[in-house]
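Biologist: Please show the model, and let us then discuss its architecture in turn.

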Amino acid sequence: MAQPGKAGLSYYPLSTLPASLDIVWCLFPIDEAPNTPGPYPRPSLVRAVALNRDQTKAIVNITYGTSRIKENRTLDLQIQNCRSLDECGLEKATRFDLDKTIWLPWAKEFFRPPARYSGPILGHLDPQSCMQLEALKVARRALASRKRP
Amino acid sequence: MGALKIREAQFEPVERKSMHDPAQPDYNDEVTNDQLEAIQARVAQELDSDEWEIVDGPAW
């Protein structure tokens, strides 16, 4: 049974919790209404998961996915080949912007699947994409160390 | 030469119409920093109302 939050959110039970590198359906906000969950779900990549002190509620740190592939965004995770898309459960080539992460309550208000999906967890990052992510982490660390004074 | 073309074609962006749900909107738009800050502000009260401990991750 979902736990009620102080802001009236309908938390999912912890038994439904995603793991890091799971891909979940998230209602990200849109320009027209930036203060409310977006009108449609988009795939988002889980970076971290946290529990409250009583271990009754969870929040997840995610980054959003967009089907707008950008060749010049070399430090983003871009999943484009058929096998990886299949294993991740993605329908389209998708770019995850690793710079834009956000903590959100693991609640129905923010994580809602499209009609034909049974739950908010879409899939898990496939091994090839995991390797790509590891390479990106190295490249990002190298870039950050070069920027340090 | 033919094999080279096939190899290049494997890396073209893919959109599989056969699996695409027409009722599902595209997610072709991007999320701005302003949008992220706005939604984070909306949930700040909820997040500040408790202490949270990371149990998995961060993955990057």
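Biologist: Which pattern does chain A follow, read along the sequence?

Modeller: This is a predicted model, in which local features need pLDDT of at least 70, side-chain atom pairs count only at pLDDT 80 or more, and totals for chains, interfaces and linings use all residues. Residues are numbered from 1 along each chain as its sequence is written, while chains are lettered from A and ligands numbered from 1 in the order in which they are written. Helices (H or I, at least four residues) and strands (E, at least two) are DSSP runs, numbered from the N terminus; chain A has two helices and six strands. Their order along chain A is β-β-β-β-α-β-β-α.

Biologist: In β5(A), what is the bridge partner of A:Asn61?

Modeller: Two strands pair if DSSP finds at least two bridges between them. β3(A) and β5(A) pair in the antiparallel sense over seven bridges, and β4(A) and β5(A) do so in the antiparallel sense over three bridges. For A:Asn61, the bridge partner in β5(A) is A:Trp103.

Biologist: Is A:Leu122 buried or exposed?

Modeller: A:Leu122 lies in strand β6 (residues 121-124) of chain A, and its contacts (C-beta atoms, placed from the backbone, within 7 Å) include A:Val24 and A:Pro43, leaving aside neighbours within four places in sequence. A residue counts as buried if 20 or more other C-beta atoms lie within 10 Å of its own, exposed if 12 or fewer, and partly exposed in between. Because A:Leu122 has 23 other C-beta atoms within 10 Å, this residue is buried.

Biologist: Which residues have the most contacts inside the largest nonpolar core?

Modeller: A nonpolar core is a set of buried Ala, Val, Leu, Ile, Met, Phe, Trp, Tyr and Cys residues joined through C-beta atoms within 7 Å. The largest has 39 residues, and those with the most contacts inside it are A:Val24, A:Cys26, A:Val60, A:Ile62 and A:Trp106.

Biologist: Which helix of chain B supplies at least two residues of this core?

Modeller: Elements of chain A that supply at least two residues each include β1 (22-26) and β5, and a helix of chain B does likewise. Among what covers the buried residues of that helix is β5 (94-105) of chain A. The helix is α2.

Biologist: At which residue does α2(B) bend?

Modeller: The 16 residues of α2 (residues 33-48) of chain B should span 22 Å (1.5 Å times one less than the number of residues), and the end C-alpha atoms are 21 Å apart, which agrees. The bend is the angle between axes fitted to the seven residues ending at a residue and the seven starting there. In α2(B) the bend is about 40°, at B:Arg42.

Notes
Contact = placed C-beta atoms within 7 Å.
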